[in-house]
Amino acid sequence: MKGALPRGNGGSARAQETGALTTIGRMLDQRAKTLLKALVERYIAEGQPVGSRTLSRASGLDLSPATIRNVMSDLEELGLIASPHTSAGRIPTARGYRLFVDTMLTARPVDLDQASPDLAAARGQLHPDQPQRVIAQAAHLLSSLSSFVGVVTAPRKASVFHHIEFLRLGERRVLVILVAPDGDVQNRVIFTARDHTQAELVEAANHLNAHYAGLTIEAVRERLKTEIEALRGEIGVLMQAAVQAGTQVMEEAVDQVVVSGERNLLGVQDFGNDMNSLRKLFEVFEQKTELMRLLDVSSRAEGVRIYIGGESRVVPFEELSVVTAPYEIDGQVVGTLGVIGPTRMAYDRMIQIVDITSRLVGHALSVR
């Protein structure tokens with residue numbers, strides 16, 4: 001499907017750029033679009049600035065070199081291509097890649113049986129013996145297939161409590177014990193407005209367990225908004241405090257990000273010599289906090305999402321792109337994976353790699 005891939009998310013500035021690109025896309029005639037598409041594809045394939053003679057052959061259009069040069073001059077004025085100082089040819093800009101991906105790239109779901117041999121072979125590379133191993137294998141698979149960097153977030157735990165207990169620690173100090181369905185136990189100390197007896201704490205815990213166990217923390221919070229007035233005052237206050245403690249537990253839980261193939265970027269000619277930018281990027285890989293933000297946003301989109309040239313506000317320079325997709329277990333999105341590489345990447349192939357791997361991971365983690 002053309003133009004159906006979700007784009008990066010970047011606030012009002014990004015919205016303005018999206019509007020500008022839409023206007024530019026409408027302004028271009030078919031000849032200009034054909035030449036831009038040919039230029040981008042040629043540059044992706046060869047990594048060299050594209051001249052008018054080469055573009056004439058690659059586009060298949062019967063145009064004079066002078067006409068092509070005029071069209072390229074127009075595309076340059078629109079910020080879609082640029083002319084390196086050392087060459088008479090042109091290369092795509094981040095804006096040019098964005099327009100190419102949004103309007104000229106055809107990306108369809110790929111059946112594994114119809115995929116290229118290396119993608120089809122990926123089916124047997126994820127072994128569902130334990131989730132953590134699947135995540136590590138998936139990151140390595142993404143890196144191996146793309147020759148860039150693979151990133152995968154581990155499945156998020158649902159914010160559901162199976163059982164709750166309150167334990168009096170001292171004056172106005174209460175220990176909240178939250179037990180998840182999988183047996184995981186989290187403890188939080190809360191401070192109350194007045195001192196409570198252990199009998200009051202047991203009453204509050206019993207009420208929570210009887211009426212709210214099995215619900216997500218978010219669902220409990222919403223129900224309490226409407227039911228709090230019907231509850232005896234002190235029980236209601238304790239329940240609200242318990243929900244707040246549960247929310248903190250979920251916010252503090254660190255989703256693990258597995259990164260594989262960082263060193264592949266050292267061999268990418270587009271920025272292999274830009275050590276300052278690479279150093280910033282490796283810091284992102286090490287800290288992983290910014291990566292989590294990017295992948296969390298991506299998990300809210302359906303299908304493959306593409307960020308080009310810094311649109312994600314995570315990558316430290318314009319020459320980098322990120323292709324991501326969420327993966328599901330039993331129909332629920334639980335994580336995100338993707339490929340990080342240069343803007344000069346074969347987007348159609350990266351889309352296939354990310355799409356197929358997301359389905360394989362979901363299938364492997366769904367096997368009981």
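Phe 285 is buried, with just 3% relative accessible area (buried means under 20%, exposed over 50% and partly exposed in between, with a 1.4 Å probe and protein chains only). The model here is a predicted one, in which local features need pLDDT of at least 70 and side-chain atom pairs count only at pLDDT 80 or more, while totals for chains, interfaces and linings use all residues. Residues are numbered from 1 along each chain as its sequence is written, and side-chain values use heavy atoms, with hydrogens and water left out.

Now for the aromatic rings. Searching the whole structure turns up two aromatic pairs (rings of Phe, Tyr and Trp, the last by its six-membered ring, pair if their centres lie within 6.5 Å; planes under 30 degrees apart count as stacked, over 60 as edge-to-face and the rest as tilted). In one of them, the ring centres of Tyr 97 and Tyr 347 are 6.0 Å apart with planes at 55°, so this pair is tilted. Tyr 97 belongs to helix H5 (residues 94-103) and Tyr 347 to helix H13 (residues 347-366), so the pair ties together parts 250 residues apart in sequence (helices, H or I with at least four residues, and strands, E with at least two, are DSSP runs numbered from the N terminus). Both Tyr 97 and Tyr 347 are buried. Phe 282 and Phe 285 also pair up, with ring centres 5.9 Å apart and planes at 75°, so they sit edge-to-face. These two Phe residues are three apart in helix H11 (residues 275-287), which puts about one helical turn between them. Phe 282 is partly exposed, at 22% relative accessibility.

A ring can have a charge for company too. The charged end of Arg 344 sits over the ring of Tyr 43, 5.7 Å from its centre (this takes NZ of Lys or CZ of Arg within 6 Å of the ring centre and within 35 degrees of the ring normal).

Next come the salt bridges, and there are seven (each is a side-chain nitrogen of Lys or Arg within 4 Å of a carboxyl oxygen of Asp or Glu). One of them joins Lys 37 to Glu 41, whose closest N and O atoms are 2.7 Å apart. Four residues separate the two in helix H2 (residues 30-46), or about one helical turn. Lys 37 is partly exposed at 28%, and Glu 41 is partly exposed at 38%. Arg 90 and Glu 76 form another salt bridge, with closest N and O atoms 2.8 Å apart.
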